[in-house]
Amino acid sequence: MGAEADFEVNFTTKFIVKPTNPMVDHPHILSLSNLDLLSGRFPVSYFYFYPNKPHDLHAATDFSSIIESLNTSLASTLNSYYPFAGRIVPNQHTNEPEIMCDNSGVLVVEAHANIPLKKLNFYDLDQSLQSNKLASISPDFPFQIQVTLYTCGGVSITFTFDHALGDATSFGNFLLSWSEIARKKPVSCVPDHRRNLHLRARCPPSYHSSLDQSFVKCTMEEIMNIPTAKTLIKRLYYIEDSSIKHLQSLASRNGKKRTKIEAVSAYIWKTMVTAIDTKSHGMCKMGWLVDGRSRMHKKENQINPMSNYIGNVLSLAFGEASVGDLKQGSISDVASIVGEAISKVTNEEHFLDLIDWIECHRPGLMLSKVVLGQGGPALVLSSGRKFPVAELDFGFGSPVLGTVCSTIERIGVAYMNQRSSAKGDGSWTVSSILWPELAAALESDSIFQPITTTHLQL
């Protein structure tokens, strides 16, 4: 689990990859939807790790061949995902961000590490990500990639997106399409870039007053300087399938079966109250990111028209409970609070209200008050159960790990992002940004295991 103290990365080459035959052959502006303005413009980085497979006759193992194959297939993928090859610029009149689809291209950075993959500290993400060793960030490119070669012949690929481009579903569809094109397979997603067709505000706009207590208009400067009461650390955990099923069993009582997310959330929430200053805080919040695609424009016996939509369709559900109730309540009791909180936003009316609320507060960016650090101790959990992990084979084998972590330094809440492990056995990996006391509380039990090379079978 420990990393070598002298872990270094040498950046050797930078180049730009452009679409070979873009769907649009002239520059044009793609205006952001209302829900895009709620993204916070946070950079989000996905990390995938591929071991060297010298005995796989179908896998390209030469690094130069891997780079060439990635670049060629990326250029083809950008033909249909052309906004990802554009630039994000401020609107001259409103100063709101918008995407200039001018085929500027995607930045690809080639790098070499001085250690083998098995020596990388996968658990302590602060150590592995320090000095942007695995995620070099250039503000000029909303989408950029770093391909790193390790001394063992293994490779990591980091994909970093500006959140204005889309959400996890958008990025997952893009990455899966890219891997399919790289392996010359049929593409499973035809992207829909019509941002203001699906997510228009109503006329006149109207919304529930509770949204005024949940969201706030803000500037990019305020987002970049979110006050943080505690130092936050970044960690990666592994949860066995048996632990998840056990928690789900404890959470499912009185004939009500709880989801795995509800069950694990209940466990996390109960653990949280052991790691906060209860003298200063009598209440504790937990939040969940909710994708609105399956909730919008629903019609019986019809394919969801938003399933391939590229952009942000996210809202936040928050639950609040007293420290006493969380401490004394069973996993089942707390899971009921979780389920009730999430149910309040898993409907079309909530998303229509949210779109209208943003419309009434434009121009500008919007964000959850809790994420801005205005709501006391809180943790947000994002479920990536549908995000491709083992499926991201670009022609040199499947990864042993696919995870996500933001490179931002300041955030007003603790944050967790769940992914299926690459094993496909029901186990999870959980990328976490936590205050140290919460990390220690979670690690005192056997459920959240600090991830090791043994978990990854390296």
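The exchange below covers salt bridges, burial and the domain interface in a predicted model.

User: What are the ground rules for the model and its numbering?
Analyst: The model is predicted: local features need pLDDT of at least 70, side-chain atom pairs count only at pLDDT 80 or more, and totals for chains, interfaces and linings use all residues. Residues are numbered from 1 along each chain as its sequence is written, and side-chain values use heavy atoms, with hydrogens and water left out.

User: What makes Asp 102 and Arg 87 a salt bridge?
Analyst: The term requires a side-chain nitrogen of Lys or Arg within 4 Å of a carboxyl oxygen of Asp or Glu. Asp 102 and Arg 87 meet at 2.6 Å, N to O, so the pair qualifies.

User: Why is Asp 102 called partly exposed?
Analyst: Buried means under 20% relative accessible area, exposed over 50%, and partly exposed in between (1.4 Å probe, protein chains only). Asp 102 has 21%, so it counts as partly exposed.

User: Is Glu 96 called buried or exposed, and why?
Analyst: Buried, because its relative accessibility is 7%. Its salt-bridge partner is Arg 362, at 2.5 Å, N to O. Arg 362 is partly exposed, with 30%.

User: Why does Asp 393 have no salt bridge?
Analyst: The nearest side chain of opposite charge, Arg 183, is 4.4 Å away, so the pair misses the cut-off. For charge, Lys and Arg count as positive and Asp and Glu as negative; His and the chain ends are not counted. Asp 393 is nonetheless buried.

User: How do you know that Asp 393 makes a polar contact?
Analyst: A polar contact is a pair of N or O atoms within 3.5 Å; within protein, one must be able to donate a hydrogen and the other to accept it, and residues adjacent in sequence count only if both atoms are side-chain atoms. The side chain of Asp 393 reaches the backbone nitrogen of Gly 395 at 2.7 Å, so the distance fits.

User: How is the interface between domain 1 and domain 2 sized?
Analyst: By buried area, the accessible area (1.4 Å probe) that two parts lose on being put together, summed over both. The value is about 5100 Å², with 63% of it on carbon and sulfur atoms. The bounds, 9–194 for domain 1 and 209–399 + 407–456 for domain 2, come from an automatic or database domain assignment.

User: How many salt bridges are counted between domain 1 and domain 2?
Analyst: Four.
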